[in-house]
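Grab a pencil and work through the exercises below with the model open beside you. Each one is a task followed by a solution in steps.

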Amino acid sequence: MKRIVTLLLFFVVFTNCEDVVDVDLNTAEPRLVIDASINWFKNTAGNEQSIKLSLTAPFFDESVPPANNALVVVTDSNNNSFNFIEDGQSGVYRNNNFTPVIDEIYTLNIVYNGETYEATETLKSVVPIDFIEQNNEGGFSGEDIELKAFYTDPANIENYYFFEFISDIAIIPTLEVYEDRFTDGNQIFGFYTEEDLEANDIVTIRNYGISDQFYDYMFILLQQGSEEGGGPFETQPATVRGNCINTTNPENFPFGYFRLSEVDEVVYTVQ
């Protein structure tokens, strides 16, 4: 009995000795974050577009502050201007008369807090998704469902692809980038698997045409965010800067990217 009481006292003492540790993180002035993805879905007019502006926030903050009252304009090479107007105080700026043209060069101009930000990019085309192939015996267990979204790469043209797989299982979509350096002119596929994927689940598959610059940008981001990353030959964590620059104060550079893509979408029901 004495031994049991001693063990109980030991357990109580050590389970109640919990210290609250306050982590003193470095702080910095907020920077502008530019989420400017112009997506032209096939078989749509592509006239309704939006750009989201926000600010960086401390690590433990639960909300992301919007960047309000900015002037946002996108201009094409023929000097046609498209004004993006903020929706309330959301930090989301919308335009309803955008004109997408494949291979057209567009320039983004943002004036925020007395400083001007600019970026230039080309609207890239994309081939359609040919078909979806499902494998019910994938993964290490041989029981995971795998999806392959096949598409045919145009021959003798340098192409880059950005795949997005959206389902109700994962909160964050699965993202992948592909190039055709070794697959030029062939039928290839974007790959998706999720451990808990089951029959009748809905997976939205999107293939975006992208530039080589955006491919490099996303490749580094995905390497840094990969669960399998961290090997000696992997890309080491660093601040990844997009194509947006601060022309007023270059040291106060923004985060994010200005991208324009044609998009092909397939909504697939798992068999």
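## Exercise 1: a residue in a strand

Y112 sits in strand β6. Keep in mind that this is a predicted model. Your task: decide whether Y112 is buried or exposed, and find which residues Y112 touches beyond its sequence neighbours.

Solution.
- Step 1. The relative accessibility of Y112 comes out at 15%. Buried means under 20%, so Y112 counts as buried.
- Step 2. Skip the residues up to four places away in sequence, and Y112 touches L32, L55, A67, N68, A70 and Y117.
- Step 3. Now try a C-alpha to C-alpha distance: Y112 and N69 lie 7.3 Å apart in space, with their positions 43 residues apart in sequence.

## Exercise 2: two asparagines with positive phi

Take N113 and work out where it is placed, then do the same for N156.

Solution.
- Step 1. N113 belongs to the loop between β6 (105-112) and β7 (115-122). Its phi is near 55°, which is a positive value in a residue other than glycine.
- Step 2. With 68% relative accessibility, N113 is exposed, since the cut-off for exposed is over 50%.
- Step 3. Move along to N156, in the loop between β9 (144-152) and β10. Here phi is near 60°, again a positive value in a non-glycine residue.
- Step 4. N156 has a relative accessibility of 74%, so N156 is exposed.

## Exercise 3: a helix and its buried side

Check whether the span of α2 agrees or disagrees with its number of residues, then ask which of its residues are buried and what they pack against.

Solution.
- Step 1. α2 runs over 212-225. Its 14 residues, at 1.5 Å a residue, should span 20 Å. For the arithmetic, the expected span takes 1.5 Å times one less than the number of residues.
- Step 2. The end C-alpha atoms of α2 are 20 Å apart, so expectation and model agree.
- Step 3. F214, Y215, Y217 and M218 are buried in α2. These residues cover an arc of only 165° around the axis, so they fall on the same side of α2.
- Step 4. As for partners, the buried residues of α2 pack against β10, β11 (174-179), β13 (202-210) and β15.

## Exercise 4: the second largest pocket

How much space lies in the second largest pocket, and which element gives the most to its lining?

Solution.
- Step 1. The second largest pocket holds about 570 Å³ of space. It is lined by 23 residues, and D35, Y217, M218, L221 and G256 are the closest to its centre.
- Step 2. Go through the elements that each supply at least two lining residues: β1 (32-41), β2 (49-55), β10 (160-166), α2 (212-225) and β15 (255-269).
- Step 3. α2 comes out on top, giving six residues to the lining of the second largest pocket.
- Step 4. Sort the lining by type and you get 15 nonpolar, four polar and four charged residues.
- Step 5. Tie this back to the helix: Y217 and M218 are among the residues closest to the pocket centre, and both are buried in α2.

## Exercise 5: three more residues

Classify T204, D87 and Q271 as buried, partly exposed or exposed, and look up their contacts outside four places in sequence.

Solution.
- Step 1. T204 is part of strand β13. A relative accessible area of 16% makes T204 buried. Its contacts are E164, F165, I166, E265, V266 and V267.
- Step 2. D87 lies in the loop between β4 (81-86) and β5 (92-95). At a relative accessible area of 41%, D87 is partly exposed. D87 touches V92 and R94.
- Step 3. Q271 is in the segment after β15. Its relative accessible area of 58% makes Q271 exposed. Q271 is in contact with Q134 and A199, and Q271 and D201 are 8.3 Å apart, C-alpha to C-alpha, though 70 residues apart in sequence.

## Exercise 6: the whole chain

How many helices and strands does the protein chain have?

Solution.
- Step 1. Count them up: two helices and 15 strands.
- Step 2. Of the 271 residues in the protein chain, 35% are buried.
- Step 3. Take the contacts with a separation of 6 or more: 63% of them link residues 24 or more positions apart.

Note on methods. Residues numbered from 1 in each chain as written. Predicted model: local features only at pLDDT ≥ 70, side-chain atom pairs only at ≥ 80, totals over all residues. Heavy atoms only, no water. 1 Å grid on protein atoms, 1.4 Å probe; cavity = no way out; pocket = protein on both sides within 12 Å on 5 of 7 lines; lining within 4 Å. Points joined across faces, edges and corners; volume = space filled by probe spheres on them. Nonpolar A, V, L, I, M, F, W, Y, C, P; charged D, E, K, R; others polar. Buried < 20%, exposed > 50% of the residue type's maximum accessible area, 1.4 Å probe, protein only. Arc of directions from axis to C-beta. Contact = heavy atoms within 4.5 Å.
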